[in-house]
Amino acid sequence: MSATIKQIAELSGVSRGTVDRVLNNRGKVKPQTEAAVRRVAEQLGYQPNLAGKALAVRKKAPVIGVVVSSEENPFFEDVLRGVARAQQELKDYGVRVLRKPMKGYDVKRQLALIDEIRDEINVLILNPINDPKIAAVLNDLQKNGVGVITMNNDIENCDRLCYVGCDYIRSGRTACGMIALMTNGQAKVGLLPGSKKILGHNQRVQGFINAARERYPQMEITGVEETEDDDIVAFETTKNLLAAQPQTTALFVAAAGTYGVCRAVEALHKTDEITIVCCDAIPSTVEMMEKGVIEATICQQPFTQGNKSVHIAFDYVVSGMRPQKDTFIVKNEIKILENL
C-alpha cells in the first residue's frame, strides 16, 4: 500500500501542508526541507494518485520545451520523430511541445532560445552545450519550478532531473574495439569529434583513447580534430589531417560530419587504405556503407531518446516528483552493411 501524506509528514517532522507543497510543486519550501520530504517519500514508496493528477494536468495543458541542434544535422530527424510520436500519444492530456531548433553549438544562441520559452514551459528538454553559462541557467530553471531533462548529451555541474541518451564512453571504447578487430590492433587512427563544447563528443574520444591505451599498445592516435558537425568543415578537416599525418590508416568519426569525411577520403583516393568507423545511421552514412567507404557505425536509438524524454517530462508534470533514475541509457548498437 502506498504511503500517505500524513505518514510522510510525521516521519519528516513537517506539516501535511508542507508535504503537499513539496510533492505537488506548490509554493516555496526550504531546499533542505524539500530534500528531506522527498527522501522519506521515496523510502516509503509513495505513489501519487496519477489518474486524478492526469485529469488536472489536462485542464492546465502542460507545455514541454525542446531545444536541440537539429538544423542541418540529419541525426536529429529521428529524435524529433520520437518527440512528435510522444506528443501524439499524450494528446488526450493536452500536452503541447514547443520545438526550438538551432544550428551548431553557439552558447549565446542556445541561451536566447531558452529565454524565449522559459516563461511558457513546465519542462525543458535540451541537447545542451557543456558550458557554465548554460548550466547556470538550467539550475535557475530548476530552482524556479521548470524541470530540466538533458537529451542526447549531458552537461556538467547541473541539477537537471535526468539524462536520456547513450553511454558515450562505452561508445568510444566500442569504436576502438571495432577498429582493432579490423586492423589487428595496429591502426594509426585519426579521431574526428564534432565539437569540444559537447560533453558526449569528448567522452567518445576519451573512451576510444582509454581503450587503445589499455588494450591495443600497437594502436597510435595521429590527431584529434573537430568537424563542427558540418560536412563542409569535416571535408576540409579530414583533408588537412591526412595531409599532416599521411601515415593514418583509420578514422573514427565521433559525431556528425561523416559524409564530409568520406568525401575527403574518396577525393584523396584513399578509400582502400583507410578504415572508417562512425556513429549513427543517417541516409548518407548508409550510402557510404553501401559504397564500401565505411566499415561500421555505432547507433544510439535516436527515436527512443526523443520519445522517452517527452514521456519522462509528462510524468514529472503529473507526479511532481523527480524521475526514479538519474540517467536513462539507450543501447549502443553496432551496425554493418549486412544488418542495417
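How many bridges pair strand β1 with β2, and in which sense? Strand β1 (residues 63–68) pairs with β2 over six bridges, in the parallel sense. Within this pair, Ile 64 stands opposite Val 97 of β2. The model is a predicted one.

**Two open sheets**

Strands β1 and β2 belong to an open sheet of six strands. The order is β2-β1-β3-β4-β5-β11, and the pairing is parallel. The edges are held by β2 (96–101) and β11 (327–330). Each has a single partner strand, so one side of each is left without a neighbour in the sheet.

Another open sheet of six strands has the order β7-β6-β8-β9-β10-β12. Here the pairing is mixed. Its edges are β7 (220–224) and β12 (333–335). Again each edge strand has a single partner, so one of its sides has no neighbour in the sheet. Strand β6 (residues 188–192) runs parallel to β7, and four bridges join the two. One point of contact is easy to find: Gly 190 has Gly 223 of β7 as its bridge partner.

The table sets out the order of each sheet and the average turn between neighbouring strands, direction ignored.

| Strand order | Pairing | Average turn between neighbours |
|---|---|---|
| β2-β1-β3-β4-β5-β11 | parallel | 15° |
| β7-β6-β8-β9-β10-β12 | mixed | 20° |

**A helix across the mixed sheet**

Which strands does helix α8 lie across? Helix α8 (residues 168–183) lies across β6, β8 (250–253), β9 (275–279), β10 (296–299) and β12. It runs at about 160° to β9.

**Two packed helices**

Two packed helices are described by the angle between their axes and the distance between the axes. Helix α5 (residues 75–89) packs with helix α13 (residues 302–319) at an angle of about 35°. Their axes are 6 Å apart. The crossing of α5 and α13 is right-handed. On the α5 side, the contact includes Phe 75, Val 79, Arg 81 and Glu 89. On the α13 side, Pro 302, Phe 303, Asn 307 and His 311 are among the residues that take part. By class, this contact of α5 with α13 has seven nonpolar, five polar and four charged residues.

**The second largest pocket**

Helix α5 also helps to line a pocket. The second largest pocket has a volume of about 380 Å³. How many residues line this pocket? Its lining has 31 residues. Nearest its centre lie Asn 73, Asp 229, Ala 255, Ala 256 and Gly 257. Four helices each supply at least two residues of the lining: α5, α9 (199–215), α11 (258–267) and α12 (283–290). By class, the lining has ten nonpolar, twelve polar and nine charged residues.

Conventions
Residues numbered from 1 in each chain as written. Predicted model: local features only at pLDDT ≥ 70, side-chain atom pairs only at ≥ 80, totals over all residues. Heavy atoms only, no water. Axes fitted to C-alpha atoms, helices over the stretch in contact; angles between N-to-C directions. Left-handed = near helix turned anticlockwise from the far one by under 90°. Contact = heavy atoms within 4.5 Å. Nonpolar A, V, L, I, M, F, W, Y, C, P; charged D, E, K, R; others polar. 1 Å grid on protein atoms, 1.4 Å probe; cavity = no way out; pocket = protein on both sides within 12 Å on 5 of 7 lines; lining within 4 Å. Points joined across faces, edges and corners; volume = space filled by probe spheres on them. Pairing = 2+ DSSP bridges.
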